[in-house]
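Please open the structure in a viewer and keep the selection panel at hand. The tour below proceeds stop by stop, naming what to select and then describing what is found there.

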Amino acid sequence: MTQEKTEAVVLRSVDFSNTSRIVTFITPNRGKVACIARGVRRKGNRQDPLLDTMNRLEILYYWKDGRNVQQLGDIALLDSYPKLKRDLERGAYAAFPLEVALKAIHENEPAELPYGALVQGLELLGQQSEEPRLAVCRLVMQMLGACGFAPEMDCCVRCGAVVPPAPGFSMEGGVVCRDCRYDRRLSRDAYTVLRLWCMEDADPEVTPALLALHDPRPALSAELFAVISRYAAYQLDTSFRSVRVIYDMFP
Ligand SMILES: [Zn+2]
């Protein structure tokens with residue numbers, strides 16, 4: 001058994017026995033890590049409030065190979081994202097990338113890129129200047145890209161042909177030409193922004209997509225959110241509770 005200390009974000013916390021919780025973290029070096037936090041549900045426990053979903057912590061745990069649930073030791077709060085938790089809309093949107101992390105990131109595999117994207121994205125989402133729906137769309141695309149689920153955005157994913165400025169889009173993997181089967185059409189603007197977001201992974205100097213975030217147009221962000229949430233669900237073979245909540249609360 002080795003003692004490991006790392007930064008981590010709380011993805012999920014589930015009651016276990018009368019006094020404990022199983023907490024799932026995302027960490028840069030070990031990806032997803034589930035830990036048992038013993039005794040935290042006892043009255044007056046000081047650790048328990050720190051284990052709130054979305055909190056960024058420094059954690060110490062006792063790692064043992066082959067064990068599904070590790071034992072949690074000391075924890076310290078780094079950020080509780082009060083701006084997101086106080087704001088109903090931003091808080092609801094923030095739940096989506098956390099759910100993506102839970103599904104897309106594996107256990108005991110390095111996850112530096114998606115971890116970095118998540119922490120930076122949550123920070124941005126808390127800023128009033130950011131339109132929450134667009135900020136979350138970009139964050140989820142970055143996380144999908146960092147986990148190997150980036151869609152093909154240049155050539156038709158079915159036949160390799162050049163795609164028109166407002167191409168089709170297939171949930172199986174990216175843009176589609178006029179002659180091949182697609183799930184939905186992308187508007188010219190949505191295609192431009194999605195393509196730039198995908199390119200950002202390869203070249204961090206590409207900033208026009210960031211500019212798009214500062215010129216929010218409701219129709220564009222609604223289209224991007226619809227495409228990205230459906231694409232993420234298809235690719236990760238799941239349905240996102242957070243997305244249903246977002247549509248219920250902010251139709
Ligand atoms: Zn085609």
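Is arginine 21 buried or exposed? Select this residue and display the surface around it. Arginine 21 is buried, because its relative accessible area is 16%, and the limit for a buried residue is under 20%. Please bear in mind throughout that the model is predicted.

**Stop 1: the salt bridges around aspartate 15**

Keep arginine 21 selected and add aspartate 15. Their side chains meet in a salt bridge, with 2.4 Å from N to O. Aspartate 15 has a relative accessible area of 45%, so it counts as partly exposed. Next, add arginine 41, whose side chain meets that of aspartate 15 in a salt bridge of 3.4 Å, N to O. Aspartate 15 lies in strand E1, whereas arginine 41 lies in the loop between E3 and strand E4 (56-63); the pair therefore ties together parts that are 26 residues apart in sequence. Arginine 41 is partly exposed, at a relative accessible area of 31%. Finally, add Asp48 to complete the view: Asp15, Arg21, Arg41 and Asp48 are linked in a network of salt bridges. As general background, side chains of opposite charge can pair when their charged atoms come close.

**Stop 2: a buried pair**

Now select glutamate 4 and arginine 30. These residues form a salt bridge in which the closest N and O atoms are 2.5 Å apart. Glutamate 4 belongs to strand E1 (residues 2-16), while arginine 30 sits in the loop between strand E2 (20-27) and strand E3 (31-37), so that distant parts of the chain, 26 residues apart, are linked. Both residues of this pair, glutamate 4 and arginine 30, are buried. In the whole structure, a search finds 10 salt bridges.

**Stop 3: strand E3 and its partners**

Select strand E3 and show it as a cartoon. How many of the residues of E3 are buried? Seven of the seven are buried, so E3 is largely enclosed by the rest of the structure. Add E2, which runs antiparallel to E3 and is joined to it by seven bridges. One place to look is isoleucine 22, whose bridge partner in E3 is isoleucine 36. Follow the backbone from E2 to E3, and a hairpin of three residues appears as the connection. Then add strand E5 (residues 70-79), which pairs with E3 in the parallel sense over two bridges. Here cysteine 35 stands opposite glutamine 70 in E5.

**Stop 4: the zinc ion**

Select the zinc ion and the residues around it. Which residues are its protein donors? They are Cys156, Cys159, Cys177 and Cys180, each through its SG atom, at 2.3 to 2.4 Å from the ion. The angles subtended by the four donor atoms are 105 to 115 degrees, which makes the arrangement tetrahedral. For comparison, the ideal angle for four tetrahedral donors is 109.5 degrees. Along the chain, the donors follow the spacing C-x2-C-x17-C-x2-C. Cysteine 156 lies in the loop between helix H4 (132-146) and strand E6 (168-170), and cysteine 180 in the loop between strand E7 (174-176) and strand E8 (184-185), 24 residues apart. Cysteine 156 counts as buried at 4% relative accessibility, and cysteine 180 is buried with a relative accessible area of 18%.

**Stop 5: a sheet of three strands**

Select E6, E7 and E8 together. These three strands form an open sheet in the order E7-E6-E8, with antiparallel pairing. E7 and E8 are the edge strands, each pairing on one side only. Between E6 and E7 there are three bridges, and serine 170 stands opposite glycine 174 in E7.

**Stop 6: glutamine 128**

Select glutamine 128, which is found in the loop between helix H3 (112-125) and H4. Glutamine 128 is exposed, with a relative accessible area of 61%. Leaving aside residues up to four places away in sequence, glutamine 128 touches Asp87 and Arg90.

**Last stop: the whole protein**

Clear the selection and display the whole protein. Its secondary structure comes to eight helices and eight strands. The radius of gyration is 19 Å, close to the 18 Å that the globule rule gives for 251 residues, so the protein is as compact as a globular protein of that length. Of its 251 residues, 50% count as buried.

Conventions:
Residues numbered from 1 in each chain as written. Predicted model: local features only at pLDDT ≥ 70, side-chain atom pairs only at ≥ 80, totals over all residues. Heavy atoms only, no water. Salt bridge = Lys/Arg side-chain N within 4 Å of Asp/Glu carboxyl O. Helix = DSSP H or I, 4+ residues; strand = E, 2+ residues; numbered from the N terminus. Buried < 20%, exposed > 50% of the residue type's maximum accessible area, 1.4 Å probe, protein only. Donors = N, O, S within 2.8 Å, 3.2 Å for Na, K, Ca; no water. Tetrahedral: all angles 85-135°; square planar, octahedral: opposite > 155°, others 65-115°. Pairing = 2+ DSSP bridges. Contact = heavy atoms within 4.5 Å. Rg over C-alpha atoms; globule rule 2.2 N^0.38 Å.
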